[in-house]
Amino acid sequence: MPWIFPRVLRGRCRRCSVTQADVVVVGGGFAGLSAAAALAATGAGVTVLEALDGVNPTFRGELLHPRGVRALATLGLKDAVFAAGAMPVRGFAAFASHAASPVLLPYSRGSGMGLTIEHGALVSCLQRQLSGNPRVKIVRRSRVRELAMA
């Protein structure tokens, strides 16, 4: 989960210089980019500092429950995420062990649909969408080692 620092942060990093931002988000994964989108929607200027140059190469999937899908819709990102390969889901299953039968956990009626998508596709989609937002600056290869408030 990213750390979000409100107000103005003045500092320097080896490959970048953050001289002024309303908000600095440390971490450019799903949570950090979603936070940046939400903060930019309020009018804040947001700088996202991400340690990696691209998407984390580890294969993994993401499951967003209906509330998360509604948040993406509110931010105007839902259609882009579905276009990037998301599939709707009506619930999920839990397993007590690898040999156990699944316990099916459908979403309640009226709660809406969830979605599932490969992590890299989700993060790449959000990066593309936010790269066109003048209120958001994504700085890659920026590992934060220390924070100092001026």
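These legends accompany a set of close-up views of a predicted model.

**Figure 1. The whole chain, as a starting point.** Before we zoom in, here is the overall picture: the protein chain holds four helices and eleven strands. Of its 150 residues, 33% are buried. Contacts between residues at least 6 apart in sequence are counted here, and 63% of them join residues at least 24 apart.

**Figure 2. Strands 4 and 5, side by side.** Let us start with a pair of strands: strand 4 and strand 5 run parallel to each other, and four bridges link them. Across this pairing, valine 23 has valine 46 of strand 5 opposite. Valine 25 also belongs to strand 4. Its C-alpha atom is 7.2 Å from that of valine 46, although 21 residues separate the two along the chain. Valine 25 counts as buried because its relative accessibility is 0%, and the cut-off for that class is under 20%.

**Figure 3. The two faces of strand 5.** In a regular strand, side chains alternate between the two faces of the sheet. Here strand 5 is covered on both sides. Val46 and Val48 are buried on one side, and Thr47 and Leu49 are buried on the other.

**Figure 4. The largest nonpolar core.** This core has 25 residues, and those touching the most other members are Leu33, Val46, Val48, Val81, Leu115, Leu130 and Val136. Many elements contribute at least two residues each, including strand 4 (23-26), strand 5 (46-49), helix 2 (66-74), helix 3 (78-83), strand 10 (114-118) and strand 11 (136-139). Helix 4 gives the largest share, with five residues.

**Figure 5. Leucine 115 and its neighbours.** We now look closely at one of the core residues that touch the most other members, Leu115. Leaving aside residues up to four places away in sequence, leucine 115 touches Glu62, Leu63, Leu64, Val69, Leu72, Val81, Phe82, Ala86, Met87, Pro88 and Val89. Val81 is, like Leu115, on the list of core residues touching the most other members.

**Figure 6. The second largest pocket.** Our last stop is a pocket with about 310 Å³ of space, the second largest. It is lined by 22 residues, and Gly27, Gly28, Gly29, Phe30 and Glu50 lie closest to its centre. Helix 1 (30-41) and helix 4 (119-131) are the elements that give two or more residues to the lining. The largest share, three residues, comes from helix 1. By residue type, the lining has eleven nonpolar, eight polar and three charged residues.

How values were computed: Residues numbered from 1 in each chain as written. Predicted model: local features only at pLDDT ≥ 70, side-chain atom pairs only at ≥ 80, totals over all residues. Heavy atoms only, no water. 1 Å grid on protein atoms, 1.4 Å probe; cavity = no way out; pocket = protein on both sides within 12 Å on 5 of 7 lines; lining within 4 Å. Points joined across faces, edges and corners; volume = space filled by probe spheres on them. Nonpolar A, V, L, I, M, F, W, Y, C, P; charged D, E, K, R; others polar. Core = buried A, V, L, I, M, F, W, Y, C linked by side-chain atoms within 4.5 Å. Buried < 20%, exposed > 50% of the residue type's maximum accessible area, 1.4 Å probe, protein only. Contact = heavy atoms within 4.5 Å. Pairing = 2+ DSSP bridges.
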